[in-house]
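This report introduces a structure to a reader who has not met it before. Please keep the sequence and the three-dimensional view at hand while reading.

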Protein chains: 2
Amino acid sequence: MTQQAFQAHDHKSCIADGVAAAAQSCAARKLQLTKVRQRVLEILLSDHKAMGAYEILDVLRAEGLGSQPPVAYRALEFLTKHGFAHRIERLNAFIACSHLNDPHAPIFLICRSCNRVVEAESDPTKGEIGRAAQQSGFVIERAVREAEGLCPECADAA
Amino acid sequence: MTQQAFQAHDHKSCIADGVAAAAQSCAARKLQLTKVRQRVLEILLSDHKAMGAYEILDVLRAEGLGSQPPVAYRALEFLTKHGFAHRIERLNAFIACSHLNDPHAPIFLICRSCNRVVEAESDPTKGEIGRAAQQSGFVIERAVREAEGLCPECADAA
DNA sequence: TATTGATGTGTTATACTATACGGTATATCG
DNA sequence: CGATATACCGTATAGTATAACACATCAATA
């Protein structure tokens, strides 16, 4: 785990750094980080919670950047496809990536009390899923690994 | 992995055994395996694919067992709550449990080509997710572990 | 320059997934 | 029996996601 969003940290830098890293990555890969895409990334970076597509759309709409669902979904598709954001299946929601470096296979820890989400990372072909796949000759292309529970603070409070 | 649904097997017994085991388990736990609940379980057992709630509802409707979404969702809630079926988050769909014995933490291998799904099993507190949680003091209550890819047969075909 | 193709945006309409709520019936148990 | 909980059904509505078509931009190229 390279980032501990359950703990206090310099959050402003999360946004600035995230956008800067994405911009650089897009430039290097000849991808277009357009206005809407960048704004959606900023919105996702603005906290460590997962946001629904319609929640994001509400923000875009208030800013005149688009009013219909496809606007949000298209931006989210771009961001997730290129690794700048991830989809949390359990929540039908999206979150900015916290490992904007290399291709990676995220694990998410979702606090059901404060709704914060932390992204960890580890090779899915290793571990239990990989072992199960190997036993049956299954070829993994994508792995969903999400844990739901209580973050340290909420666990203490309870 | 105690069952290899990617391979040929006596499928009729999947249904019969599954229903019998569920009936027995319900009796022991004083749960009501009502007509609709049992029928939904049979439908899920009838193949090793995940089925959407509305797909199940279509069958119920054709049989006069109910016509509105809540009918299917209520039965599915019962079945998943008591471990007779599982929800596949990645697919917004449901599948019969193949380990009708003890409480367990399933792993699913989803073939994107033939849509078959196999359930494996292993303790989620161990392995990568547990390690990530432990590092941050996160308390896991439920884990989603789903791999998408190609089953042996479809991988060979490709 | 004119054409073409690829990509992005905007909008309308619709499909798919899921639950809240109100009312009735049935089971269980003191 | 009466009380409580559980299951049921249906209506209505909420929440999530995509198909399809029109228009704009830009880069490569005939």
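The sections below treat the model, the two DNA strands and two histidine residues.

## The model

The structure described here is a predicted model. The account begins with the surroundings of each DNA strand and then turns to the interior of chain A.

## Surroundings of DNA strand C

DNA strand C has 14 residues around it, and those that come nearest are A:Thr34, A:Arg37, A:Arg74, B:Tyr54 and B:Arg87. Of the strand C atoms within 4 Å of the protein, 47% belong to sugar or phosphate, and the rest belong to bases. By class, the surface near strand C consists of six nonpolar, five polar and three charged residues.

Several of these residues place polar side-chain atoms beside the strand. In A:Arg37, a side-chain N or O atom is 2.8 Å from a phosphate oxygen of DNA strand C. The side chain of A:Arg74 instead has an N or O atom 2.5 Å from a base nitrogen of this strand. For B:Tyr54, the distance from a side-chain N or O atom to a base nitrogen of strand C is 2.6 Å. The elements that contribute two or more residues to the surface near DNA strand C are helix H4 (69-81) of chain A and helix H4 (69-81) of chain B. H4(B) gives the most, with three residues.

## Surroundings of DNA strand D

Around DNA strand D there are 16 residues, of which A:Tyr54, A:Arg87, B:Thr34, B:Arg37 and B:Arg74 are the closest. Sugar and phosphate make up 52% of the strand D atoms that come within 4 Å of the protein. The surface near this strand comprises seven nonpolar, five polar and four charged residues.

Which kind of atom in DNA strand D does the side chain of A:Tyr54 approach at 2.6 Å? The partner is a base nitrogen, which lies at that distance from a polar side-chain atom of A:Tyr54. Two arginine residues approach phosphate oxygens of strand D. A side-chain N or O atom of A:Arg87 is 2.4 Å from one phosphate oxygen, and a polar side-chain atom of B:Arg37 lies 3.0 Å from a phosphate oxygen. H4 of chain A and H4 of chain B each supply at least two residues of the surface near DNA strand D. The most come from H4(A), which gives four residues.

## Two histidines in chain A

A:His99 is located in the loop between strand S2 (93-96) and strand S3 (106-111) of chain A. This residue counts as buried because its relative accessibility is 2%, and the cut-off for burial is under 20%. A:His99 and A:Asp47 are 52 residues apart along the chain, and their C-alpha atoms are separated by 15 Å. The side chain of A:His99 makes a polar contact of 3.1 Å with the side chain of A:Glu119.

A:His86 belongs to strand S1 (residues 85-88) of chain A. Is A:His86 buried or exposed? With a relative accessible area of 11%, A:His86 is buried. The side chain of A:His86 forms a polar contact with the side chain of A:Glu119 at 3.1 Å. Apart from neighbours within four places in sequence, the residues in contact with A:His86 include A:Thr80, A:Phe94, A:Cys97, A:His104 and A:Phe108. A:Glu119 is also among these contacts.

Terms used:
Residues are numbered from 1 along each chain as its sequence is written. Chains are lettered from A and ligands numbered from 1 in the order in which they are written. This is a predicted model: local features need pLDDT of at least 70, side-chain atom pairs count only at pLDDT 80 or more; totals for chains, interfaces and linings use all residues. Side-chain values use heavy atoms; hydrogens and water are left out. A residue is near a molecule or strand if one of its heavy atoms lies within 4 Å of it. A polar contact is a pair of N or O atoms within 3.5 Å; within protein, one must be able to donate a hydrogen and the other to accept it, and residues adjacent in sequence count only if both atoms are side-chain atoms. Ala, Val, Leu, Ile, Met, Phe, Trp, Tyr, Cys and Pro count as nonpolar, Asp, Glu, Lys and Arg as charged, and the others, Gly among them, as polar. Buried means under 20% relative accessible area, exposed over 50%, partly exposed in between (1.4 Å probe, protein chains only). Contact means heavy atoms within 4.5 Å.
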